[in-house]
Structures are given as C-alpha cells and as structure tokens.
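Hi there,

Here is the structure I promised to pass on. My notes on what turned up in it follow below.

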Amino acid sequence: MLNLDDTWRAYTEKLGVYEARPDFRFDLEFYKKQYPELAKAEIDYAKHFATHGKKEGRVATAYQKIRSERPNIDAVIQDILIDEELSKAIAEGQEDAAQLAYELIALPHRIDEQLSDFSAAHYTTQYPDVKDSGILPLYHFLLFGKKEQRQSLRSLRRNFYAGDKAFDPAKKTILMTVHEFTTTGAPLVALELVKQASKTHNVVVLSLQAGPLLERFRRECHCVFVTFMPHEEIDFVMPDMVAKIDYALCNSTDSSPFIRMLVARGIPFGFYIHEYTQYSLPLHKTIHPTFYADYAIFSSENVRDSWRGIMEDSGFDVERCSTIIPQAELKPGRVSRKRYQAARDRIGRILGMELGNRRLIYGAGSTHWRKGTDLFILMAQIAHKHDPEAVFVWIGDGMNHEDFHCGVWLEKQMVEAHVNEKDGFFHYLPGGDYYKDLVIASDSLFLSSRMDPLPNVVLDAVKYDCDVVLFENASGYDDAAYEDQPRFHRVGYGRVDEAAETATKLSRKSENLKRLDLARDDGNSLDDDQLFHRISTALETHLDTRRHFYLGEGDYDLPVLFTERDDDKPYREAERQKAWSLGRKTVWKSEAEASKALQSSDHPVHKSGFIVRYEEDEPEDLPDFSIHVHAYYTDDLYHDANSYGVYKRANRVVITTDQVKKANTINEIMKDIGIKAEIVQVGNQGRDILPFMQLFYDIEAYGGDDIWAHVHQKKSFSSTPGGDVWRNFLLKILFGDKDKISNALLQMNDPEVGLVAPFDPFICGWFGSKRILPIYQKLVETPFPVHPILFPVGNMFWTRRSVVDQMNSYFGTDYPWPNEPIANDGTVFHLIERLWPTATYDSGHKSIFISKPDQPRR
C-alpha cells in the first residue's frame with residue numbers, strides 16, 4: 001500500500017511548501033477563502049475542520065470541493081495519471097489516494113506534468129480563455145475541458161515518437177521540419193535529407209501532420225514530434241532536446257508555422273525552398289521566411305527569381321543570404337533491352353492492350369491544374385492526329401470526380417478523350433509500384449506543369465532514357481545549368497500544339513536500347529548522398545560568419561509573429577531583434593530611422609516625404625476642408641462621426657455607399673448626430689478608394705473643394721463598434737478627437753503639402769503589388785522605387801484635389817476597373833494605396849506622415 005503522507009512530503013519539501021501545508025487533506029488558504037465568516041472567530045482552522053467543519057459538510061481542499069460537485073471525479077483523475085503507484089492506489093480503492101493525486105497535480109512548478117497527462121501551463125497556453133477566466137486550470141479541465149474535448153498533454157505525448165538513432169553528444173544536433181509525412185515531393189526530399197544528416201548529426205524531426213512516411217522518418221532520426229502548434233507545444237514534450245538544437249533546416253515554405261518556435265527560442269535556421277511565390281499562399285508563407293530565416297537554399301535559380309520581389313521588400317540580401325542547391329543531380333541513363341521489354345509487357349497488361357511498338361508518352365503528378373493534367377490531355381488529343389498509334393498515360397493520385405474545383409472538370413475532359421477505353425489512346429493510372437515500369441517503357445515525358453520548381457519526375461525520366469518535352473519558363477529546368485541538356489525539348493509556354501508535334505517526332509527509345517540484358521537502372525533518383533552535406537556546409541558556413549546582433553527593443557512594441565498579450569512580450573522583442581540583426585524590414589526601430597531612410601534615399605518620391613510628430617490643438621482658424629467617407633459597412637459610422645470634431649467643422653461631408661437601404665441608414669445616423677451629409681450611391685467596385693477618386697470626375701460638383709479627408713468604414717468582426725484598434729489609430733492621428741484637432745489637418749495650411757497620412761510603424765513593401773509594377777509603370781512617368789518606404793497604409797489620409805486628379809490621370813476615365821470579389825493583395829487597388837506619394841510628387845507637392853508612438857496600432 002502506498003504511504004500517501006510520505007509521498008506528499010517527498011514532493012512538497014522539494015518545493016518548500018511542506019511546512020505551510022503538512023497535510024494534503026487540509027489546505028489552510030483554501031479553507032479561509034471558502035469560509036471567510038470564520039475569520040471573526042479567531043480559531044484554529046485545522047482544528048475547526050477536524051472537530052466541526054467535516055461534520056457540517058464543509059470542504060477543506062479543492063479536491064473535496066470538486067468531488068462534492070462531481071462524485072465520479074476519481075475516475076477522471078485516474079484517467080489522466082501516468083504515475084503508476086498513484087494510479088494503482090486509486091484503482092485498489094485506497095482511501096484519499098485520489099485526493100492526494102489531485103492536490104499533487106495542482107501544485108506549482110509543473111509537478112502536474114511529472115504525474116499526469118495534464119499540464120496547467122500547457123492548458124492555459126492552449127486556451128487563453130481559461131487563463132482569463134481566473135478558474136484553476138485543473139478544476140476547469142476535470143469539470144468542463146474533458147467533456148468539451150479540450151486537448152491535454154496526452155495527445156501531445158501520443159504524437160511524440162522515439163527514433164532508432166541514439167543521441168550522440170559529440171555530434172551537432174539539427175532540427176529538420178517538414179509540413180507532412182506524405183509520399184509527395186517535398187516530404188520525400190526531407191526524408192532523404194534526414195537519412196543523410198543522421199550519419200553526421202543528431203536529427204530531430206518535426207512535422208505539422210502525420211502520414212505514411214512517419215515510420216520511415218522515425219527509423220532515420222533520434223525522435224519525431226507531430227504538432228500543428230510547435231511554438232505552444234514543443235516545450236511540454238521535449239524541452240531538454242530543444243536546448244540541444246544547434247540549428248534547424250525547414251523544408252518547404254509549408255514549414256513556415258515552425259518559424260515562431262524557432263525565433264522565440266533563438267534557434268538559427270535555414271529554409272530549403274522548392275516553391276514559387278505565386279502559389280505559396282497565404283502571404284505569410286513567403287513573408288515570414290524572408291523576414292526571419294538566416295539563410296535560404298533554393299532548388300533552382302528560376303524559383304529564386306520568383307522570390308526576388310518579396311526579398312527586396314523584406315530587406316533580404318539575396319546574394320549573401322541564399323544559394324542554389326538542386327535536390328539531386330540530373331543523371332542521364334540507359335535502359336537494357338530486357339528491362340525495357342519487361343516493362344512494356346507489364347504496362348500493356350495493366351492497360352489491357354498490346355503495346356507492341358506503339359509510341360508511349362506519359363505525364364506524372366497529382367491531378368491538378370498546377371501539374372497541367374488538363375494540358376496533358378489536350379496535348380494527347382492533338383498528338384493523336386499526328387500519330388494515331390501513340391499511347392498517352394497520366395499517372396498520379398488526387399483524381400476526385402466530386403471535387404468541384406478540379407476533379408469535376410477533369411473527369412469531363414477525360415471522358416471526352418475516351419479515357420481507359422480498350423485499345424484507346426489515352427489512359428489514366430493512379431500511383432502505384434508500376435510507376436518505374438511506366439517510365440522505363442515510355443519514349444518520352446511531357447512535363448505539362450504550369451509552374452513546377454524542379455520536379456523529380458524529370459530526374460526519373462532522364463535516368464531511364466526518356467526525352468522530356470516541357471514548357472519554357474515553367475520550371476527550374478529553365479536554369480542555365482540545363483540549357484544544353486540534349487534530352488530536353490522546350491516549347492512555348494502553354495503551347496500544347498507545339499508539345500504534341502514535338503513529342504510525336506522524337507526518336508524512339510527502342511532505337512537506343514543497351515545491348516546488355518542486365519542494366520544498373522534501379523535505385524532512387526534522389527540518391528545524391530551529398531545533398532545534405534552541401535546544404536549543411538553552406539548553412540553552417542553562413543551562420544559562422546554572422547557578426548551583427550541587435551539587442552535593443554526599439555520604440556514600437558508591435559508583433560508580426562506573436563500576439564499583443566503580455567505573455568508574448570519577450571517573444572515580440574525576440575522577433576524584432578532577430579529581424580534587425582539580419583537587416584530585415586519588419587518594424588521601424590524608431591521614427592528617426594524612418595526619417596533617415598526617406599532622406600538618404602536617392603529617389604525623388606522619398607525625398608519629398610517627411611515625418612512630423614503628432615500634436616493636437618483647438619485652433620480657431622482651420623483651412624476649408626471636406627470629408628469623404630466610404631461606408632460599405634455602417635456599424636461604426638455613428639461612433640466615428642460623433643467622436644471626431646472635424647465632422648462638424650467640415651464644409652461638406654460626402655458619404656458613398658452601394659445600396660439604397662444603407663443610404664437610408666446613413667441618413668438617419670447623420671441626422672441623429674446633427675451633421676448634414678451628402679449621400680452618394682455608387683457601385684460595389686474599387687473597395688473604398690475608387691468611389692473617392694471618381695467623385696472628381698464631376699468637376700462641377702466636386703472640383704471647387706481643394707482639401708479632402710478620405711476615410712472608410714471596414715467591418716471588424718472581432719471588435720465592438722468603435723473598438724477596432726487599427727481604425728482608431730488611423731482616425732485619431734488624422735482627426736484628433738471630439739474637442740481637439742490633429743495637426744494632420746493643419747499641415748494642409750502649407751500649399752506645398754499634398755498628402756498627410758499616419759506614419760505606420762510597420763515597414764510595408766509592395767508585397768503582392770510587386771508583380772504588376774511593370775504593367776503600371778507604363779502609365780506613370782516617375783519610376784517606381786525599389787521599396788515604397790512610406791505610404792498611407794490603410795488608405796486613409798488628407799489630400800488635395802490636384803493629387804487625386806494626378807492619380808486619376810494615370811488611368812483615365814475609361815479604365816476597365818476589376819469587379820468584386822478581388823484578391824486580398826496585389827490588385828490595382830492595393831497598388832493605388834502605395835502610389836499616393838508618387839501622385840503627390842508628380843503633382844508638385846510633398847507628403848507628410850504623422851507619427852504618434854503612444855497610439856496603439858493593433
């Protein structure tokens with residue numbers, strides 16, 4: 001039988017609490033708090049409970065309270081226990097064993113994690129609402145959390161797997177991250193890297209999701225942890241191992257969720273990038289690696305070129321902080337006659353046809369638009385006319401006839417191409433162990449991908465003596481390193497007609513077979529045993545050359561990776577210091593740094609911009625001004641118009657909206673406040689900015705007013721009316737408050753000033769708009785700067801009519817504006833937001849940005 005009192009003493013003496021609470025069956029502080037009326041009696045509380053309280057049904061510990069409310073709580077406590085002795089004592093019905101377990105788990109200093117699958121620290125990290133409620137975490141979990149299926153340590157621990165490789169303290173330890181354990185391109189590359197790394201390093205593997213490759217990863221490393229919340233969870237599963245990690249290698253942009261964990265713990269890391277930015281969405285997948293990665297390794301120059309824009313925005317030094325290392329070398333091979341014939345026979349049986357000497361052309365990959373499955377089918381239909389005997393096979397998974405986004409339409413296309421008909425020309429095969437036979441049996445691969453970094457299927461094709469027909473500017477195989485590859489036959493991008501003609505004119509593999517019956521043609525195309533060595537050498541060399549480390553906090557405590565919660569303050573400092581140490585552009589260190597960036601630039605738009613500190617006053621004389629509000633939403637309109645005195649001092653208030661019903665609501669709101677507003681109904685086009693710009697097409701109605709404020713109403717589903725922190729930040733700086741006026745308006749007294757906007761502490765680049773700059777540069781005479789530095793982030797500002805006229809002149813009155821819905825970034829309207837300083841400069845004015853460091857930003 002377990003000695004419960006000795007067990008209690010063993011734990012509490014270590015914590016220094018035994019003297020204050022020698023008996024786990026009585027908690028003095030709990031008893032006092034539970035029964036405050038006893039304080040007047042000046043009694044011995046322990047004695048009172050023993051002689052009176054217990055008989056009166058009073059409870060002396062949190063356990064007793066919870067058991068009075070939930071009599072079956074012992075079973076729940078036993079369920080979360082991992083301490084075998086305690087669990088056995090409860091199972092055998094030993095009196096007070098469950099109470100001891102509860103009171104031990106409730107102790108501080110993470111005793112709970114040693115005894116159970118519950119951790120108060122983990123629970124409150126995972127569920128901030130519990131922490132905010134003030135309820136004891138263990139109490140909440142046992143009574144509510146378990147029923148609500150809230151996560152405990154048990155699920156975390158079940159996702160931790162010991163690997164087959166023993167830890168060697170003499171070796172460096174590397175953390176390898178992968179987004180999933182599927183048998184697709186990036187995870188397979190990661191598996192090969194782990195295999196190679198384990199020869200020279202201790203390897204820890206983290207993945208966001210489990211999958212069929214899990215066991216193979218486990219065999220090649222020291223340990224594996226599968227978690228979708230690595231920052232929040234890793235310290236509860238492997239804290240000692242985290243401290244031993246020398247650096248990390250993140251495989252694929254889909255590993256970006258690991259960045260928070262790495263930055264918070266000061267672990268340097270590199271990214272091995274196989275993806276183009278165009279489809280690496282949402283935007284944080286590309287922005288966060290360029291902000292915080294120490295080094296970037298790209299599989300091809302073609303892929304790196306797609307990242308140059310976002311790297312310029314982020315201040316990422318492309319030449320110093322990145323390199324090109326393909327995942328494997330392209331190795332042309334030959335196929336034996338015997339192996340070729342055996343493969344043809346097997347594929348013929350699978351297709352249900354005699355291949356004979358018919359030309360065989362294949363495509364490979366997931367059935368998806370990016371892989372160009374539809375283009376392969378089109379090519380097959382066209383090529384069938386050139387060579388009616390040719391056979392075309394697509395091999396890959398992902399075909400789902402219920403998938404509205406892709407499968408529905410591909411199935412229709414396959415049906416029209418008579419897919420899988422006996423003796424037909426087009427066949428579809430799911431992935432299988434016959435893939436290698438298909439490659440060996442085929443004459444050529446048509447790489448129909450629209451964008452594909454460096455697909456392994458090409459390595460396989462060349463290894464097994466296939467020609468490859470591929471689009472120009474569609475893959476990493478456009479790199480200079482592959483220019484003279486005789487197996488590659490490039491056609492114009494998207495030109496399936498050229499691909500069909502080329503593929504049917506190529507020489508046949510049967511004409512080039514090796515005479516030997518035995519051929520060394522097996523093995524993995526990713527068998528380059530030097531890949532990890534090349535990557536780790538480049539990364540470690542770069543890390544060894546780091547010399548600049550920034551330790552200051554800066555003037556703006558704003559998060560990019562983390563939250564505004566007090567608990568995250570040290571992490572916010574860590575993310576800023578990491579970015580600044582790397583020279584990356586995330587948050588301005590200070591107003592002075594931003595001013596220096598403007599004035600040290602050689603670009604005229606930047607030199608015409610200035611930062612002024614916020615002030616407010618009660619001026620008698622204001623310049624004549626008008627206010628434009630675009631109110632697609634009306635929720636906060638009453639709050640805004642009633643909270644800022646400028647509304648009642650404006651010459652006119654013009655409010656645009658898109659519906660009669662909204663216009664009527666707006667009319668009632670403004671009447672209630674006592675403001676006469678002109679309400680203009682417009683189409684739902686151009687977000688908030690186009691309705692403002694198009695007002696000035698009507699010279700007679702609006703051409704006489706020079707100074708305008710432009711603001712808008714945007715719905716914030718996470719805040720109450722008037723509670724959107726960012727909108728309040730913008731409006732406070734632009735307008736002041738109910739009684740006082742911001743000096744933002746007073747800047748417009750200077751006829752040389754054409755734009756006044758809030759200074760945003762975040763450094764915002766072109767981002768998605770970068771991709772369309774060449775198109776719109778043709779409309780604007782002034783060259784666009786490499787980085788905008790400052791612009792009215794949020795599209796709220798004071799300006800002059802002449803500046804708006806200048807902006808309108810770039811596009812003309814007949815410009816075909818895109819209709820809603822539009823993308824979240826990278827449209828012409830997002831570009832216009834960044835072009836206001838350019839339009840201001842082109843109209844002969846300067847831009848002013850008002851800084852208010854004490855105003856909450858988010």
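**Two helices and the core around them**

In this predicted model, the axes of helix H39 (residues 801–811) and H40 come within 9 Å of each other and cross at roughly 125° (axes are lines fitted to C-alpha atoms over the stretch in contact, with angles from 0 to 180 degrees between N-to-C directions; helices are DSSP runs of H or I, at least four residues, and strands runs of E, at least two, numbered from the N terminus). H39 is therefore oblique to H40 (neither under 35, over 145 nor 65 to 115 degrees).

On the H39 side, the contact (heavy atoms within 4.5 Å) includes Met807 and Phe811, and on the H40 side Ile832 and Trp836 are among the residues taking part.

H40 (residues 828–842) also gives the most to the largest nonpolar core, with 7 residues. That core has 94 residues, and Met238, Phe269, Phe811, Ile832 and Trp836 touch the most other members (a core joins buried Ala, Val, Leu, Ile, Met, Phe, Trp, Tyr and Cys through side-chain atoms within 4.5 Å; buried is under 20% relative accessible area, exposed over 50%, partly exposed in between, with a 1.4 Å probe and protein chains only). A second, separate core of 45 residues includes Phe49 and Leu142.

Elsewhere, His630 sits in strand S17 (residues 626–630). His630 counts as buried because its relative accessibility is 5%.

Residues are numbered from 1 along each chain as its sequence is written, and side-chain values use heavy atoms, leaving out hydrogens and water. Local features need pLDDT of at least 70 and side-chain atom pairs 80 or more, while totals for chains, interfaces and linings use all residues.

Best wishes
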